[in-house]
Structure formats: C-alpha cells, structure tokens
Amino acid sequence: MGADLLTGFAPVAIAVAPDVVLLRQFVDTQPLRAAIGDVVVLAPFRHLTTPNRGTMSVAISNVGEQGWHSDIKGYRYVGVDPMTGRTWPTMPANFSDLAQRAAAAAGFLDFNPNCCLINRYAIGAKMGTHRDQDEANFSHPIVSVSIGLPAVFVWHGAVRTGTSIPVPVEDGDILVWGRSARLGYHAVRALKADSRMSVPPFRYNLTFRRTN
Ligand code: MD3
Ligand code: FE
C-alpha cells in the first residue's frame, strides 16, 4: 500500500479483534473540523437526557437523513431535530466520501451511511459500555473518526463483562467494525487533559451508520 495522499503517512490497518479494524492517521481532520463548525450552527450541540433521566456527559449533534436522539422515552433515530424542528443538516460531501473510503480500506465495500452522529467530549466526558443497536439493519458496518484530543476506546466484544481491549486513539484515527463485531459492546474512557492539542480542549467523534 502506498503513502496516504492526505496525511503523507503510510496507512496502516490494525485488526483490534475479528471484524474490528483500526486505521491509524488515515485523515487530515482540519477540513472535518471546519464542516463540524458549519453544521452545528444549524443543529447545535446538546446534552441529551437518557431514559433513566440522566444527562449524557457527551454533547451530540447529527447530520444526514436520520439523527440519533435520546430522551426519557428512549433511544431512537428521528428525521427531524427535536431541538429545532428542522431536518438535520445535509451530510457534508467530505464526510460521506471519507466514510466510504475508510470502510473500503477496512474491507467493507460499498458502505453508504445515511447518518452521522457527531459526539463532542469535554475533559471528563465519557461513554459507558453499550452496543449500537438502535438501527433497523445490522448488515452495515460502522465507521468512527476521532478528531482532537486523544482518548481510549475499550472493546468488550460479544459479552458486556467480557475481556476488555483498550485502544488508544488520536486525531485522524478511524475505527471500522461490522459483521461478527457489529453488535459488540464498547465504551470510551473519561477524556483526560492533554498538552498535544489543547485549543479547543475537546475530542470530537464522527460515527457513520446506515440505519435501514
Ligand atoms: C471498536 N461513540 O456514539 S467508537 C457511539 O468515540 C460511540 O464517541 C464512540 O460508541 C466515540 O455509539 C465511537 C465506538 C467504539 C469504541 C471502542 C471500540 C468502537 C470500538 C474498541 C474497539 C473496537
Ligand atoms: Fe457506540
């Protein structure tokens, strides 16, 4: 495989577990940050309420035909943003192109996501162990792009309490998982302050999915 045109680094695909592929330093995130800044004017970041009446430490927004939402009624996808009453912003072309390209590099051809959840982690924010199961079709992979401060993903696999594999991820890293790993349990550890990229002190994650 040749040097990556965007980053100048040789792309390296690492198998974290069966059907879980990490693409380190796959993308220059600067254009992605610009696109995030544009879309959150239309669909602002918000801290959602969970069915057990907690508040998520991660702030979220969405782009695409559908958006992931949570309130006391449960987790689900919605075509209209409950905060604004408008449809979600159109998925930027550089988002969908990247998701398709990363999925293909990880061995998942023809991925065509219809939504992208944008997560924003401030220092201390975390995501507890869960699996992505609110979609109507699990035959599609998921592509996750890390932007900004480094974090530690944790892969548990088929059993919530199973052996955990910590995966440190940095700006520009992409994780792709599907097939036997599609319903695997995973988490993100509490974000720590890090001198590598302190302004702004956030980690963003783009999670591309096909819901149908
Ligand atoms: C695969 N968000 O929004 S990576 C979600 O970083 C969500 O914000 C993560 O999980 C985030 O539902 C996206 C998901 C993940 C985490 C750890 C893993 C996938 C993994 C470890 C190994 C393999
Ligand atoms: Fe998840």
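The legends below describe three close-up views of a predicted model.

**View 1. Coordination of the iron ion (ligand 2) by His130, Asp132 and His186.** The two histidines, His130 and His186, each contribute NE2, and Asp132 contributes OD. These atoms lie at 2.1 to 2.2 Å from the iron ion. Along the sequence, the donor residues follow the spacing H-x1-D-x53-H. Asp132 has a relative accessible area of 5% and is therefore buried, since buried means under 20%. His130 is at 21% relative accessibility, so this residue counts as partly exposed.

**View 2. Gln25 in the loop between strand S2 and helix H1.** Strand S2 spans residues 20-24 and helix H1 spans residues 30-42, with Gln25 placed in the loop between them. The phi angle of Gln25 is near 50°, a positive value in a residue other than glycine. Most residues other than glycine have a negative phi. With a relative accessible area of 28%, Gln25 is partly exposed.

**View 3. Asp110 in the loop between helix H2 and strand S6.** Helix H2 covers residues 93-105 and strand S6 covers residues 115-121; the loop between these two elements holds Asp110. Phi of Asp110 is near 60°, which is again a positive value in a residue other than glycine. The relative accessible area of Asp110 is 68%, so the residue is exposed, the term used for values over 50%.

Terms used: Residues numbered from 1 in each chain as written. Chains lettered and ligands numbered in written order. Predicted model: local features only at pLDDT ≥ 70, side-chain atom pairs only at ≥ 80, totals over all residues. Heavy atoms only, no water. Donors = N, O, S within 2.8 Å, 3.2 Å for Na, K, Ca; no water. Buried < 20%, exposed > 50% of the residue type's maximum accessible area, 1.4 Å probe, protein only. Helix = DSSP H or I, 4+ residues; strand = E, 2+ residues; numbered from the N terminus.
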